[in-house]
Amino acid sequence: MTKIDPYLHAALLLKGAEKDITDANILAILKAAGAEADAAKAKVLADAVKDVNWEDALKAPSMGVVPSMAVAAAPAAAKKEEPAEDEGKKEEEAAAGLAGLFG
């Protein structure tokens, strides 16, 4: 069984509830669900989807979009242990990659 990324589900839940998709809101949902929450991963995802055109993104075939986002988010989470001076630049690069998934 394929594991579904809880961060993506939190973002979609926030969108469906017409709430702001922020790192704090993503973390709050994950904590409420009893999931472990990584603040860096939530921030990368929130930054990546802030300019997403949800109307177009949700029209796309869902099986292609969601797994791609999960794969793209994983390297961003792995990068958090690198030196702090490169962290901001790498988060921007990861966010740009995630945002590109929505066209």
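Are Lys41 and Asp5 buried or exposed? I put that at the top of the page, since a charged pair was what I went looking for. I found Lys41 buried, and Asp5 buried as well. One caution for the notebook: this is a predicted model.

**Entry 1: the overall layout**

I counted the elements before going back to the pair. The protein chain has six helices and zero strands. Read from the N terminus, the order is simply α-α-α-α-α-α. I then checked burial over the chain, and 30% of its 103 residues count as buried. For surface, I got about 6600 Å² accessible, with carbon and sulfur atoms holding 55% of that. I also looked at how far along the chain the contacts reach. Among contacts with a separation of 6 or more, 60% join residues 24 or more positions apart.

**Entry 2: the core**

Next I asked which elements feed the largest nonpolar core. The core itself has 16 residues. Tyr7, Ile21, Ile26, Leu45 and Val49 have the most contacts inside it. Two or more residues come from each of α1 (6-16), α2 (23-32), α3 (39-49) and α4 (54-59). The top contributor is α1, which gives five residues. I noted the general background too: nonpolar side chains in soluble globular proteins tend to be buried together.

**Entry 3: helix α1 and its two ends**

I listed the buried residues of α1 and got Tyr7, Leu8, Ala10, Ala11 and Leu14. Looking down the helix axis, I saw these residues fall within an arc of 160°, so they line one face of α1. On the face turned away from that buried side, I found Leu13 and Gly16, both exposed.

Then the start of the helix. Asp5 sits in the segment before α1. A side-chain oxygen of Asp5 comes within 2.8 Å of the backbone nitrogen of Tyr7. Tyr7 had already turned up in my list of core residues with the most contacts.

At the other end I checked backbone angles. What is the phi of Glu18? I read a value near 55°, which is positive even though the residue is not glycine. The general rule I had in mind is that most residues other than glycine have a negative phi. Glu18 comes just after α1, in the loop between α1 and α2. Its relative accessibility is 74%, over the 50% cut-off, so I logged Glu18 as exposed.

**Entry 4: helix α3**

I moved to α3 and asked how many of its residues are buried. The count is eight of 11, so α3 is largely enclosed by the rest of the structure. The buried ones are Ala40, Lys41, Ala42, Val44, Leu45, Ala46, Ala48 and Val49. Leu45 and Val49 were on my core list as well.

I looked at the start of this helix too. Asp38 is in the loop between α2 and α3. One of its side-chain oxygens reaches to within 2.9 Å of the backbone nitrogen of Ala40. Asp38 has a relative accessible area of 18%, under the 20% cut-off, so I put it down as buried.

**Entry 5: salt bridges**

How many salt bridges does a search of the whole structure find? It finds two. The general idea I was working from is that side chains of opposite charge can pair when their charged atoms come close.

The first one I wrote up is the pair from the top of the page. Lys41 and Asp5 form a salt bridge, with their closest N and O atoms 3.2 Å apart. Lys41 is in α3 and Asp5 in the segment before α1, so the pair ties together parts that are 36 residues apart in sequence. Asp5 has 10% relative accessibility, so it falls under the 20% cut-off for buried.

The other is the pair Lys43 and Asp47, at 2.9 Å from N to O. Both residues lie in α3, four residues apart, about one turn of the helix. I checked accessibility for these as well: Lys43 is partly exposed at 35%, and Asp47 is partly exposed at 29%.

**Entry 6: back to the opening question**

To close the page, I went back to Asp5. Its side chain makes a polar contact with the side chain of Lys41, and a side-chain oxygen of Asp5 also reaches the backbone nitrogen of Tyr7 at the start of α1. Both members of the Lys41 and Asp5 pair are buried.

Terms used:
Residues are numbered from 1 along each chain as its sequence is written. This is a predicted model: local features need pLDDT of at least 70, side-chain atom pairs count only at pLDDT 80 or more; totals for chains, interfaces and linings use all residues. Side-chain values use heavy atoms; hydrogens and water are left out. A nonpolar core is a set of buried Ala, Val, Leu, Ile, Met, Phe, Trp, Tyr and Cys residues joined through side-chain atoms within 4.5 Å. Buried means under 20% relative accessible area, exposed over 50%, partly exposed in between (1.4 Å probe, protein chains only). Contact means heavy atoms within 4.5 Å. Accessible areas come from the Shrake-Rupley method with a 1.4 Å probe; for residues, only the protein chains shown count as cover. A polar contact is a pair of N or O atoms within 3.5 Å; within protein, one must be able to donate a hydrogen and the other to accept it, and residues adjacent in sequence count only if both atoms are side-chain atoms. The arc is that of the directions from the helix axis to the C-beta atoms. A salt bridge is a side-chain nitrogen of Lys or Arg within 4 Å of a carboxyl oxygen of Asp or Glu.
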